[in-house]
Each structure stands twice: as C-alpha cells, then as structure tokens.
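Dear colleague,

I am handing over the structure that we spoke about, and I would be grateful if you could look through it before reading my notes below.

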Amino acid sequence: MDDIPVRPARIQDVAAAAGVSVSTVSNVLNRPERVNERTAARVRDAVAALDYVPHPGAAGLRTGHSSSIGLVLPDITNTFYSRIARGAADAAYDHGYSLVLCHSADAPEREQGYFTMLVEQRAVGAVVVPLSADPTRLSRLRERGIPLVLADRAMSAEDGCSVSVDDIAGGRIAVQHLLERGARDILVVNGERAIRQCADRYQGARQAVRSRREARVEQVVAKEMTVAYGLEIARRLDDLPDGVFCTNDFLAAGLCHGLAERGVRIPDEVQVVGYGDLDIASFVGTPLSTVHQPVEDLGRAAVEMLLDEVEARAEHAHEARVFAPGLVVRDSTRPASGG
C-alpha cells in the first residue's frame, strides 16, 4: 500500500497543540511582545514539534510587504553576474529575506515588467544590475514605488544608492602592469563604449600610457564581450602589439587561444591582462594576469544598503559606495625584472 502523504501543519494545528487561539500563535510569530513568555514558549514548542512553516504570503498581507527582494540581472549565464547573485543571496539569507531572480536580458521593457511584478508581489525593494542603462531608463525604474539599489554602476547619492568598482583605476593598473613588464605597444580589446564600465576601463588605460612618452595605446571594439569575439580579434590582427589589455576575462581567454593558434608565444611575444578575475582566468592555456573585482561584495553591499533604506526609512542616507580593484599576476605577463 502506498504511503499517504502527510499534510503540512497549519496554524490551527499549532494553536490546538499549544492550547491557545490562532490569534495568539500569530502574535507569537509576528508580534511576540504582546504575549507572555510562558505562553510564547508553549507556542514555540508546538511550532518545532509540528515543523510548522508560516505562510509568507499571509505575513505580507499583514505587514504591507513580503520578505522578498528582487535581483534584476542582464545575463544569468555570465559568471560575473552569478557571483553578484551569490553575494546578494548570502546577505538576504543572513537578514531573513528571500531573493527573487529576474533575468532582464538588459531589455528596458523586461525591466519594467519585472518591476511591475515586484510591486504587485509587495517585494521590499530591488537590486538592479544594468548593462547599458541611460539616466531616463533608470529614473523610470525609480518611479515604480519600491526602493532600488544599482549594482556595478556608480551614480550620484542624490539619486539613490549604488555600489560599483572603480573601473578607471582598474584599467589604469592593468596597463601600468604591462608597461612595468616592458610592453610599449598596447592594444585595448574593449566592449561597446556605450557600456560605462568599458568606457571607464579604456579611460584608465589611456591615463597609464600618458606618463610614458615612448608608449602608445590603440583600441579595438568587440561586438560582444565573449570568448568567441576575443578569438576572432586574435585571428585578424595584422600587426601584433607587445601588450594587450582585454576589458573582461572572456575576451582575454579567446584572444589567448587565437594567438596560440597562430603560434604566438604568451608572454614572450605578447603579454595579456584580462579583467574580472573570473574562473576562466585560471583555466586558459596560459593562466591570465587580470584585474580582480570584489564581485560578491557588490551583491552583499547592495542588499545591505537596500535593507537599511527599508528598515531605517527616515534615518537612511543614500550612498554611492565604490570598491577598489586589485591586480592578480599569473603567467600571461612576464616576471618582474630580476624576479
């Protein structure tokens, strides 16, 4: 005979087991200060014995919001964004909230649709990771009526909270590293300049070269920041530079593979620096020197800033928090002189 499935415990079952009313159980779970400690302990014992899980939707109806936070990402397959999600999920869990993952594909209409859903579901707020957002688009999101924090994009604290990495500094330290290891003809393999991070990283690269009169920098733009486009660029390069800075690790991995196909030795003939310190940087044929970003910290900080706005309300002050990047040196650049 098949086992009969056991029905999950209801709040009525807890009330019966504890010998109290349903409203008393509700008070213990949501407003414990209203119940004396002896009664509350009896209710908690019944909750534990019955393995009772309160229904989150009911709590949301009482408090005016649910215990969920929206996380809007442009690409859930990209490990950079999945690491932001991991940091955000850890912070949400630590504070007793759940995370609702929304895949926007960086499409404004999908962002708007998700925000409508989050408002309808009474989410406490949202963390949004835009790719090529413009100010008008962001202001439309802020008008939807729930708190919003931008991640991986800096904005004025007057407009709201944001967390980002100093990409200008990141581009600068990448190219400074190439210059210090002897490269003078620098190629920047970049994404579309409409993406703010790409523009900032290239600006940092140019700043590094300005201090070296004998060095020069050029740029080539990939249609997409992927391994495939990095490979394509490497295959069609006519004059090889002696140093390449790719503004993400996927481009760098593809470029290294394409150069290896042509018999170009890395780092002896061409030195390569990536950006992101993603998992792929350690597993390409020649492990990549790259710029490290504290990606999980972005997700965690964004959620904590959002919850501060939700819980502190009038005492909350918007903040534009910027994290510093760092350099990770591996085999794709030469050892330091004398090292």
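What follows is a short account of the nonpolar cores and the aromatic pairs.

Please keep in mind that this is a predicted model, in which local features need pLDDT of at least 70 and side-chain atom pairs count only at pLDDT 80 or more, while totals for chains, interfaces and linings use all residues. Residues are numbered from 1 along each chain as its sequence is written, and side-chain values use heavy atoms, with hydrogens and water left out.

The largest nonpolar core (buried Ala, Val, Leu, Ile, Met, Phe, Trp, Tyr and Cys residues joined through side-chain atoms within 4.5 Å; buried means under 20% relative accessible area with a 1.4 Å probe, protein chains only) has 47 residues, and I69, V163, V175, F245 and V303 have the most contacts inside it. Helix α12, a DSSP run (H or I, at least four residues) covering residues 295-312, gives the most to this core, namely nine residues. Because domain 2 (58-165 + 295-324) and domain 3 (167-293) both contribute residues, this core lies between them; the domain bounds come from an automatic or database domain assignment. A second, separate core of 22 residues includes L237, A252, A253 and I266.

There are two aromatic pairs (ring centres within 6.5 Å; planes under 30 degrees apart are stacked, over 60 edge-to-face, the rest tilted) in the structure. F80 and Y81 are edge-to-face, at 5.2 Å centre to centre and 80 degrees between the planes. The rings of F245 and Y275 have centres 6.2 Å apart and planes at 50 degrees, so this pair is tilted. F245 is buried at 0% relative accessible area, and Y275 is buried at 1%.

With best wishes

Methods. Buried < 20%, exposed > 50% of the residue type's maximum accessible area, 1.4 Å probe, protein only. Helix = DSSP H or I, 4+ residues; strand = E, 2+ residues; numbered from the N terminus. Phe/Tyr/Trp six-rings, centres within 6.5 Å; stacked < 30°, edge-to-face > 60°.
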